[in-house]
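Please report on this protein for a reader at the bench. Start with the surface, then go to the fold, the core and a few threonines.

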Amino acid sequence: MVYLTRLNGERIVLNIDLIEIMEETPDTIVTLTTGKKLVVREPVNKIREDIIKFRKRTCTNLKA
């Protein structure tokens with residue numbers, strides 16, 4: 001799960017397993033496996049870094 005901000009300032013939590021495509025055009029558009037599209041403030045690189053951090057945390061917790 002990662003925290004994102006919609007253009008109107010609303011904070012949302014997104015299940016990263018639902019992300020199919022992320023693109024900057026120049027707004028960041030996250031397309032989900034359901035076909036739904038979210039336009040968010042965070043750049044693709046920031047979302048990517050947050051996904052990596054989340055995966056590292058969850059993998060570490062599984063090993064412990």
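How much accessible surface does the protein have, and what share of it belongs to carbon and sulfur atoms? The accessible surface comes to about 4600 Å². Carbon and sulfur atoms account for 53% of that area. The model is predicted.

**Overall fold**

The protein has one helix and five strands. Read from the N terminus, the order is β-β-β-β-β-α. The C-alpha atoms fill a box of roughly 40 × 20 × 20 Å along the principal axes. The protein has 64 residues, and 31% of them count as buried. Take the contacts between residues at least 6 apart in sequence: 33% of these join residues at least 24 apart. The protein carries 12 positive and 9 negative charges. The mean positions of these two sets are 7 Å apart.

**The nonpolar core**

In soluble globular proteins, nonpolar side chains tend to be buried together. Here, the largest nonpolar core holds 13 residues. Leu-4, Leu-14, Ile-19, Val-30 and Leu-38 touch the most other members. The elements giving two or more residues to this core are β1 (2-5), β2 (11-14), β4, β5 and α1 (44-63). Of these, α1 gives the most, with three residues.

Leu-4 shows how such a residue is surrounded. Residues up to four places away in sequence aside, Leu-4 touches Glu-10, Arg-11, Ile-12, Leu-14, Val-40, Glu-42 and Ile-47.

**Three threonines**

Which of them are buried, and which are open to solvent? The table gives the relative accessibility of each.

| Residue | Relative accessibility | Class |
|---|---|---|
| Thr-28 | 3% | buried |
| Thr-33 | 49% | partly exposed |
| Thr-34 | 60% | exposed |

Thr-28 lies in strand β4. Its relative accessibility is 3%, under the 20% cut-off, so Thr-28 counts as buried. A polar atom of the Thr-28 side chain lies 2.7 Å from the backbone oxygen of Glu-42. Thr-28 also touches a run of other residues beyond four places in sequence, including Leu-38, Val-39, Val-40, Pro-43, Val-44 and Ile-47. Glu-23 is on that list too.

Thr-33 is placed in the loop between β4 and β5. At 49% it falls between the cut-offs of 20% and 50%, so Thr-33 counts as partly exposed. Beyond four places in sequence, Thr-33 is in contact with Asp-17, Leu-18, Ile-19 and Glu-20. The C-alpha atoms of Thr-33 and Ile-19 are separated by 6.1 Å, with their positions 14 residues apart along the chain.

Thr-34 is found in the loop between β4 (28-32) and β5 (37-40). Why does Thr-34 count as exposed? Its relative accessibility is 60%, and exposed means over 50%, so Thr-34 counts as exposed. The C-alpha atoms of Thr-34 and Leu-18 are 7.5 Å apart, and the two residues are 16 apart along the chain. A polar atom of the Thr-34 side chain lies 3.4 Å from the backbone nitrogen of Lys-36.

**A cis peptide bond**

Where is the cis peptide bond that involves Pro-26? The bond joins Thr-25 and Pro-26, with omega about -10°. Pro-26 is found in the loop between β3 (19-24) and β4.

Methods
Residues numbered from 1 in each chain as written. Predicted model: local features only at pLDDT ≥ 70, side-chain atom pairs only at ≥ 80, totals over all residues. Heavy atoms only, no water. Helix = DSSP H or I, 4+ residues; strand = E, 2+ residues; numbered from the N terminus. Buried < 20%, exposed > 50% of the residue type's maximum accessible area, 1.4 Å probe, protein only. Contact = heavy atoms within 4.5 Å. Areas by Shrake-Rupley, 256 points an atom, 1.4 Å probe, with all protein chains shown as cover. Lys, Arg positive; Asp, Glu negative; His and termini not counted. Charge placed at Lys NZ, Arg CZ, Asp CG, Glu CD. Polar contact = N/O pair within 3.5 Å; in protein donor to acceptor, adjacent residues only side chain to side chain. Core = buried A, V, L, I, M, F, W, Y, C linked by side-chain atoms within 4.5 Å.
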